[in-house]
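Student: I have a model open and would like to talk through its empty spaces with you. Could we start with an enclosed one and work outwards?

Tutor: Happily! Let's look at it together.

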Amino acid sequence: MVCTRTVFRCFKTLERWGNVITGKAGPYFVGLAVILISMGVVCFFDVIAPTLSFPILTIPICILIALNLLMHYYYVVTVPPGFIEDPPREPGTGLFWAQKTSTKKGKQKALTGGVRWTSRGVKITPATTTKCQRCNKTRPERAHHCRICNRCVLKYDHHCPVWINQCVGLHNERHFVLFMAYLVVATFCFCLSGYQMFFDSIGVTYKVWAHNVPEIMFAMMFILCIVLCFAVAVMLSYHLYGVSWAETSVEAQDHEEYRKKAKERNEDFVNSYDLGKTQNMKFFFNIGETGYSIMTLFVPLRINPYTDGFSWARRDGYEKHHGLRQGDELTDDDDDDL
C-alpha cells in the first residue's frame with residue numbers, strides 16, 4: 001500500500017529531524033509536555049467542569065479520563081521499551097499493577113518458551129534469531145536496531161525523540177497507544193464542551209471572565225487541543241490499523257515489500273502473526289483468557305505483554321511468514337533507505 005510507505009517515511013523523517021533538533025534536549029521536551037498536559041487539565045476542571053450537566057456522573061468520568069491520560073504518559077516515558085539483553089520481566093505486585101484474570105488449573109500462565117497452545121486456541125512458538133549487522137548481537141525476530149539508542153529493541157515500532165524521548169517497543173507500546181487514545185478523547189471533550197468559554201476568553205461575548213485561569217492561557221490551550229485532537233487522531237488511527245493487522249510501523253513497511261516480491265513469484269504473502277483483528281487486539285492489549293481484564297483499558301494499571309519477545313503467537317499451520325524466502329528479509333539498513 002502506497003499509504004503505508006508514505007506514513008512510514010513521514011515517521012522516519014520526523015524521527016530523524018526530531019532527533020537532530022532536540023538532541024540532548026529530549027528530557028526538556030518531555031518536561032514541556034508534562035507542563036502542557038497539566039495546564040490543560042487545570043483549565044478543564046477550573047473553567048469547563050463546573051458548567052457540565054449531571055456533575056455526579058460527568059465529573060468522575062472526566063477525572064478517570066484525566067487520570068488515564070497522565071498515568072499512561074508517565075508509563076510510556078518511564079517504562080523501558082525492552083532491549084534484547086534485558087532479563088525477562090516479572091509482573092509486579094504493587095498498587096499500580098493489574099492482576100491477571102483467574103486461570104484454570106493446568107493452563108499455562110506464561111506464554112513463553114517452547115511450542116504450546118494457549119487457552120485462546122493460538123500456538124506460541126519460539127522466535128527465530130538473527131545477528132544484528134550494527135551491534136553484532138543475536139536478536140529475536142521482530143527486534144530492530146534503533147540508531148538513536150544504538151541498541152536492539154524488542155518488537156521495535158519507532159523512536160519518539162520529542163514526546164517520550166525513547167523508543168516505543170514491546171513493553172511500552174500498549175501505554176503509547178492508550179496515551180494517544182486518551183489524549184484524543186480528552187482534547188475532543190475539551191473542544192466540544194469548552195468552545196463557548198473560548199469565545200468568552202477572547203472577548204467575543206463581552207462576558208466578565210470569572211475564573212482562576214487567565215483568559216490567554218485558556219484560549220491557547222483550546223487552540224492547542226484542536227490541533228492535537230486532529231494530529232494525534234491520525235497517528236492513533238494509523239497505529240490501531242497496524243495493531244489490527246498484527247504489524248508494527250516497521251513491519252508494515254517491510255510486509256509491503258514482501259508482498260511485492262511474493263507477487264513477482266505468483267505467490268501470496270501471509271503474515272504469520274495475523275490472527276484476525278479481534279485476536280490481534282486482544283494479544284496487543286493482553287486482555288481476555290490467560291490475559292488481563294478488559295477493565296485494564298479503562299483503569300490506568302501496568303501490565304506485562306503476553307510474551308517476553310522471544311516467543312510469538314502465530315496462525316494455525318504457519319511456522320513463519322508464507323511467501324517469504326531466505327534472503328528476502330529486509331535489514332535495518334534497508335529500512336533506513338526506504
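Student: Which residues line the second largest cavity?

Tutor: Keep in mind that this is a predicted model. The count comes to 3 cavities of 30 Å³ or more, and the second largest has a volume of about 80 Å³. Its lining consists of W163, I164, F176, F179, M180, L183, V232 and M235.

Student: Which element gives the most to the lining of the second largest cavity?

Tutor: Two elements, α4 and α5, give two or more residues to that lining. The one that gives the most, with 4 residues, is α4.

Student: How do the residues of that lining divide into nonpolar, polar and charged?

Tutor: Tryptophan, isoleucine, phenylalanine, methionine, leucine and valine all count as nonpolar. You can check this against the names in the lining, from W163 to M235. The division is 8 nonpolar, no polar and no charged.

Student: Moving to the open spaces, which residues are the closest to the centre of the largest pocket?

Tutor: The largest pocket has a volume of about 700 Å³. Of the 30 residues that line it, the closest to its centre are T128, T130, E141, Y258 and E329.

Student: Which element supplies the largest share of the lining of the largest pocket?

Tutor: The candidates that each supply at least two residues are β3 (129–131), β4 (138–140), α6 (249–264) and α8 (332–337). The largest share, 4 residues, comes from α6.

Student: And how many residues of the lining of the largest pocket are charged?

Tutor: The lining has 6 nonpolar residues and 10 polar ones. Two glutamates, E141 and E329, are among the residues closest to the centre, and glutamate counts as charged. The number of charged residues is 14.

Student: How many nonpolar residues are in the lining of the second largest pocket?

Tutor: This pocket has a volume of about 590 Å³, and of its 39 lining residues, G242, V243, A246, E247 and T248 lie nearest the centre. At least two lining residues each come from α4 (173–201), α5 (215–244), α6, α7 (277–285) and β9 (311–314). By class, the lining has 11 polar residues, 8 charged and, to answer you, nonpolar ones numbering 20.

Student: Finally, what percentage of the residues in the protein is buried?

Tutor: The protein has 8 helices and 9 strands. To be buried, a residue needs under 20% relative accessible area. Among the 338 residues, the buried share is 48%.

How values were computed. Residues are numbered from 1 along each chain as its sequence is written. This is a predicted model: local features need pLDDT of at least 70, side-chain atom pairs count only at pLDDT 80 or more; totals for chains, interfaces and linings use all residues. Side-chain values use heavy atoms; hydrogens and water are left out. On a 1 Å grid over the protein atoms alone, a cavity is a set of points where a 1.4 Å probe fits but cannot get out, and a pocket is an open set with protein on both sides within 12 Å along at least five of seven lines; lining residues have an atom within 4 Å of a point. Grid points are joined across faces, edges and corners, and a volume is the space filled by probe spheres set on the points. Buried means under 20% relative accessible area, exposed over 50%, partly exposed in between (1.4 Å probe, protein chains only).
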